[in-house]
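Good morning, colleagues. I should like to take you through a structure that will be new to some of you, beginning with a single residue and ending with the place where two chains meet.

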Number of protein chains: 2
Amino acid sequence: MRIDGMDAIFSPRSVAVIGASGDPRRIGGRPVDFLRRHGFAGPILPINPKSAEVQGLPAYPSISEAPLVPDLAVIALPAPLAVKAIEDCAARGVRGAVIFSSGFSEVDAEGAALQARMVDIAREAGMRLVGPNCLGIANVRHNLYATFTPGVQDHLPRPGGVSIVSQSGAFGSYCMTLVRMRGLGVNLWATTGNSCDVDFADAVAYCAQDDATRVIMGYLEGATDRDRLVEALELARARSKPVVMMKVGRSAVGAEAAQSHTASLAGADAIYDAAFRQYGVYRAQSVDEMFDVTYACSESGSLMQGDRLGLVTVSGGVGVLMADEAEKVGLDVPALPEAAQKKLKEVLPFAGVRNPVDVTAQLVNQIDLLETNMDVLFGDGDIDAAIIFMSTVGLSADLNEGIRTGLERARAKYPGRPMLFCSLTEPEGRAAYERSGFIVFEEPTRAVRAMAALRYFARSFARAGAADPVPDLPALSPLPGGMVNEIEAKALLAEAGIAIVRETLARTPDEAAAAAETMGYPVVLKIASPDILHKSDIGGVALNLRSAEEVRAAGARILDLAAEKAPGARIDGLVVAEQAAPGLEAILGVTQDPAFGPVVMFGLGGVLVEALGDVSFRVAPFGPAEARRMIDEIRGRKLLDAFRGTPERDIEALAESLARLSAFAAHHGAALESIDVNPLIVGARGQGAVAADAVIIPSGAADR
Amino acid sequence: MRIDGMDAIFSPRSVAVIGASGDPRRIGGRPVDFLRRHGFAGPILPINPKSAEVQGLPAYPSISEAPLVPDLAVIALPAPLAVKAIEDCAARGVRGAVIFSSGFSEVDAEGAALQARMVDIAREAGMRLVGPNCLGIANVRHNLYATFTPGVQDHLPRPGGVSIVSQSGAFGSYCMTLVRMRGLGVNLWATTGNSCDVDFADAVAYCAQDDATRVIMGYLEGATDRDRLVEALELARARSKPVVMMKVGRSAVGAEAAQSHTASLAGADAIYDAAFRQYGVYRAQSVDEMFDVTYACSESGSLMQGDRLGLVTVSGGVGVLMADEAEKVGLDVPALPEAAQKKLKEVLPFAGVRNPVDVTAQLVNQIDLLETNMDVLFGDGDIDAAIIFMSTVGLSADLNEGIRTGLERARAKYPGRPMLFCSLTEPEGRAAYERSGFIVFEEPTRAVRAMAALRYFARSFARAGAADPVPDLPALSPLPGGMVNEIEAKALLAEAGIAIVRETLARTPDEAAAAAETMGYPVVLKIASPDILHKSDIGGVALNLRSAEEVRAAGARILDLAAEKAPGARIDGLVVAEQAAPGLEAILGVTQDPAFGPVVMFGLGGVLVEALGDVSFRVAPFGPAEARRMIDEIRGRKLLDAFRGTPERDIEALAESLARLSAFAAHHGAALESIDVNPLIVGARGQGAVAADAVIIPSGAADR
């Protein structure tokens, strides 16, 4: 397990600082200063060959001369000396090290070699390493600040459930200040720097298995090891720990800037998006959103277990604004049942009672009615969560008391349904709500988005428990070494259980006509050549042929055109295929993503893919339920339903084809460069989906 | 001019409070309390028949017994008494009144009648009215608080350039507290309530002509008078006053909730969106955004005059995040020229110099390099605006001093290019930047959006000056009273200068064949009936007919099918039309919006409109430049460019057709129910665009 030994780093009993400085403003001085002043309970061992005392603590010339073996060593030395220090630590039996030093793989090949040597030493000795070129780590409950971030110089975050993992020191440092300013409680904090040993995935996994973590906040620049990342995210999900991720580089300029900023090959942004959805990670689009969602997940006693959102408001306009936002983020704001509306009208005659429930100033004047109001919403209205918007009312200490009491009573009766209080507040008023276990937001649309995040994680955690097995494939033939022709390609897919049109290879137009007679009409005729990928472009396809003569004539024409327009191409003959029943044309694809390996793409044929790029992705492999979510993500999804006289499509067969394609892609892994199933003809419900054409390109085949 | 006389309301020299109460917590007590305590300079005249003194001021039994004629009367009385008070005011020569009272048109027909009487009295006397059923108005510079909002009970906003107009009292009150808490400076504040006289548009126009207004914040539930609203928005634009609008009801639930919340018929939300874009209003999607944009517009010394945004950052990751957001909101983050990058590298060897410029901690340690850095960005880089993201650096008083000096020097050299400082700050540090004239944001994506708003208004104000005349139409025939057949419809559009396919009406298949012989082949044949709108559905269309026999046969078939499938329909015969050259099919439409009157719709034919609803709107009439912006808004815009072997389309002809259709629609106004030009066939560039089919429905024609 990759998190073995990481306790030495995050929960050490003792810490040495190698390169410790007497000046608390210097990099080697800060960790000593922070550990001392912030109250780390165990021994702190400054290591400095030139000084017997550092910041009032006895210091030692080397780790070998220290009076005890520390669990953790913090290394604040230039790169070559850092390697020596790791060697000494290994010899002494130190179990973990955090290395601030730069000058390693981020600089040049020499630095990379130095880093590799350091890793070899550590692996040999069973020592875990964080960094180098990082800002360090922290464990807030243990007052462990093995870092030089100025973010903990004068103020500390309070202990709590948020664990933070950042590939960037600058962003990690920014987060450390923000969690404090926003009042979030922090558990673990890690910046991974060059990630020579402990990488982003390891740190996330470690946080996920730590019971004190309630939510994980991640800043990711690029994934380096897909399997480890997926494993970490799945662990977090299995342990019901929400992961809120910031991953920048969505735009073209952003992606270019990101590439120049990090060494890691980032992979396509759309793939990150898909992967995050697939593994239940919430991707934040802004710093506000990252902290809002983290706050909600960390402080809410419960997630939102259904889609029904109740909105209570003292401003009709803001009620509508929240309803607008709810629709945007996929929450329902259902009209209350007639009986519930009637009950509310009895209590609050001036109220708008549909949902949003506009309680008007009347409720403010009779605040004890709030309990009844919430009763009707949760009871008769059967809503899953509520947002209570009180405009400026939260500024009044008197009213807050009454509101809080009402909400507490409602919660006692309807536990497990999150309630979010939204109002302008003073810090003290706000704190009182939070102490009572309510989430507080000032801005109504942000409140709705935070609630949607609680719904997102509830859905994701439910999925983690639901069975959605990747289709079991029979033994598959190996991929050929060179180019694969169309018939071979479809035969390979057929092995994976993907339906293909019946077809046969004919060498001559006469053979083609004979094959068509056996197959029955109408048929399609296509040039068969591993060198011609876009058959239509050279006139290499004839549709809807209805007799032997037509097949013979079309076959001769196709062969002539191929000879004329693709003179160097190897010609295997003609593919005779049954003409698939008309259906909606879908496009299925597989590509290799630098970060996530084989990924599957789905889109509907024609203008949606070509002009709008309306496609969705998933990391292979996945099951049919995941495939359905993938299908549901495209904007043109409606076309698969009964639509303007066309029947509902066989979505089940489509999903099964996608899942099987994903299993096929995962099976072949890096041996596969790409697959293009275009079109997959999706029939009416119950009629199946059949691949009418396919291109499979094995890795490196094009170069051979 | 509708704003005549409104000075009496917003800049009165004296104020009477009719229904004044001695209790400063009551509705009739609050305005007296606020005017006194907050320092209104002129006479305050409490009117109360039961008391000679109110809150320490001499009171009078009626307005007629007051010692002077106040400019403004505030009415805090039950509805029937309020009408009497208005009568008294009119008799005494009072010029303006603000009426808090409810019980008017918002309640029932009787209330509406009462309200109408009040308006008659006021109009007769030349008195202006705000309300009834409103929360009042304020003029912050004049310490005029003719309101009972608790938002000004204990704290006041500072005087400044933001004017606020709200149709909702609750939202207006919320805004009043928010502007104060967010430190915005306020000029005028108005809640319009039932808008019996001064409505939302009047209040916006009044704010726009007031020199002290720098930006107008509006909360709109529904427009009542399109012409007045458009006039007010155009006045604001002509006077370069940004209008930032909150208009809720975007979602289906939201729209329904909005409808139940307000009496006004809201109109389709997409039309508001389009109208706001058309008249340069910024529509905020959240309360945060509303205040962010207002803040930026109010405090920035300049708008952003070009698209080039420079990003300076101490966190590479946040630099990329801002670049991502910039792309989302349509700003460029151009790579700096090579020479500029080289210069920067010389000064800051560790920096990322492309743009975003990642200045790293190095700049923080040598803050005087900031000026050079900005010099390179503005000079060599020729950027139009800059965002300087400093993470937590803004928390340090020492560093702020240096940063501010650097930015001030840069501004002196490159005036008119907005600079926005983005960092965590303490209130004092922030205030120092603001005093120096810089906008400060904490959150990087919000900073980018605010900058984009400065660009939005610069573009909008530039458009206001640019000529884009609505096409001049010749004298048009009046619309027929009843249903219009296809040939008539196209003839009407042809009068407006919209190209139509050549066509002729034939009564029999033989006549059709003769007409086709004259016209030349291929032709299209269609059933001609004012009662059959969807001709294809009954088999009433035959395409690509190439001989007299084909025309005759198709004509007979069409007439048979019409008789069979639409037995009651009046049949005029057969339309024989030339078959238009192939092109891209567009759909143009006109509908009547309850709020904005005739609006024009544009979309591209087929799946984009049908499955994705990919259409854009504009309020009629407009010129071809506006039409081009309308065309650019659809997601499938790319299809009009050269695309996968198809040529670039005649966008100029398409825009001209849209503008002409808008002029046609505006000319006929309410006499028109709808128009459907489907398809308009858009040829290759230079080949024009031609209407192949059109339906025109005059108002009420379907009922006749």
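Let us start with Pro530(A), which touches Met483(A), Val484(A), Asn485(A) and Arg570(A), leaving aside residues up to four places away in sequence. Please bear in mind that this is a predicted model. Pro530(A) sits in the loop that runs between strand 21 (523–528) and strand 22 (541–545) of chain A. Is this residue buried or exposed? Pro530(A) counts as partly exposed because 19 other C-beta atoms lie within 10 Å, whereas a buried residue would need 20 or more. A further pair is worth a look: Pro530(A) and Ile571(A) are separated by 41 residues in sequence, and their C-alpha atoms are 7.7 Å apart in space.

I turn now to the two chains together. In chain A, 56 residues are in contact with 58 residues of chain B. Several helices of chain A give two or more residues to the side that touches chain B, among them helix 5 (169–181), helix 11 (316–328) and helix 17 (444–465). Which of the elements gives the most? That is helix 11 of chain A, with nine residues. By residue type, this side of chain A comprises 25 nonpolar, 18 polar and 13 charged residues.

Finally, let us consider a helix of chain B. Helix 17 of chain B, residues 444–465, has 22 residues and reaches 33 Å from its first C-alpha to its last, close to the 32 Å expected. Helix 17 of chain B is also mostly covered, with 16 of its 22 residues buried.

Methods:
Residues are numbered from 1 along each chain as its sequence is written. Chains are lettered from A and ligands numbered from 1 in the order in which they are written. This is a predicted model: local features need pLDDT of at least 70, side-chain atom pairs count only at pLDDT 80 or more; totals for chains, interfaces and linings use all residues. Helices (H or I, at least four residues) and strands (E, at least two) are DSSP runs, numbered from the N terminus. The expected span of a helix is 1.5 Å times one less than its number of residues. A residue is buried if 20 or more other C-beta atoms lie within 10 Å of its own, exposed if 12 or fewer, and partly exposed in between; C-beta atoms are placed from the backbone. Two residues are in contact if their C-beta atoms, placed from the backbone, lie within 7 Å. Ala, Val, Leu, Ile, Met, Phe, Trp, Tyr, Cys and Pro count as nonpolar, Asp, Glu, Lys and Arg as charged, and the others, Gly among them, as polar.
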